[in-house]
Amino acid sequence: MSDKLTPQQAAQLAVLETFPARFEQAHRLIEELAAQRTDPSLVARLCRVLEQTKAAANSIGETAMAETLGTMATLARRMGDQQMKVRGLREGLTGLKLNYSAAVRALRAG
């Protein structure tokens, strides 16, 4: 494991370190969405979190995470079966956490 990071890697790691808090916020909003009827302001907040995280992921070249976040934002905006939407968002969030762990490991490994 390399202890020295290049300035670019350090910047990427700094951006990645903001993701767990965003994932937690998205998780809370998804669970609120599961517990109640669709509230337009709740969906808007969730989409905002997902879009901001997508922009951050794109800025550091994490395209797989950005694509997943974009898909989740689209899913959140769509009308339809609430439980299917929530299930899809939960699965997307699980995938994001796996991609996040892999990205952090890759940066720290050098």
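Which residues of helix 4 are buried? This is a predicted model, where local features need pLDDT of at least 70 and side-chain atom pairs count only at pLDDT 80 or more, while totals for chains, interfaces and linings use all residues. Residues are numbered from 1 along each chain as its sequence is written, and side-chain values use heavy atoms, leaving out hydrogens and water.

Back to helix 4 (helices are DSSP runs of H or I, at least four residues, numbered from the N terminus). Its buried residues (under 20% relative accessible area; exposed is over 50%, partly exposed in between, with a 1.4 Å probe and protein chains only) are Met65, Ala66, Leu69, Gly70, Met72, Ala73 and Ala76. Seen down the helix axis, they fall within an arc of 160 degrees (taken from the directions from the axis to the C-beta atoms), so they line one face. Turn to the face away from that buried side and you meet the exposed Glu67 and Thr71. Helix 2, helix 3 and helix 5 are among what covers the buried residues, with contact meaning heavy atoms within 4.5 Å.

Met65 also turns up beside Phe19: leaving aside neighbours within four places in sequence, Phe19 is in contact with Thr53, Ala56, Ala57, Met65 and Tyr100.

Now for the charged pairs. A salt bridge here is a side-chain nitrogen of Lys or Arg within 4 Å of a carboxyl oxygen of Asp or Glu, and the count comes to 4. One of them joins Glu51 and Arg77 (3.1 Å, N to O), linking helix 3 to helix 4 across 26 residues. Glu51 is partly exposed at 30% relative accessibility, as is Arg77 at 45%.

Terms used:
Helix = DSSP H or I, 4+ residues; strand = E, 2+ residues; numbered from the N terminus.
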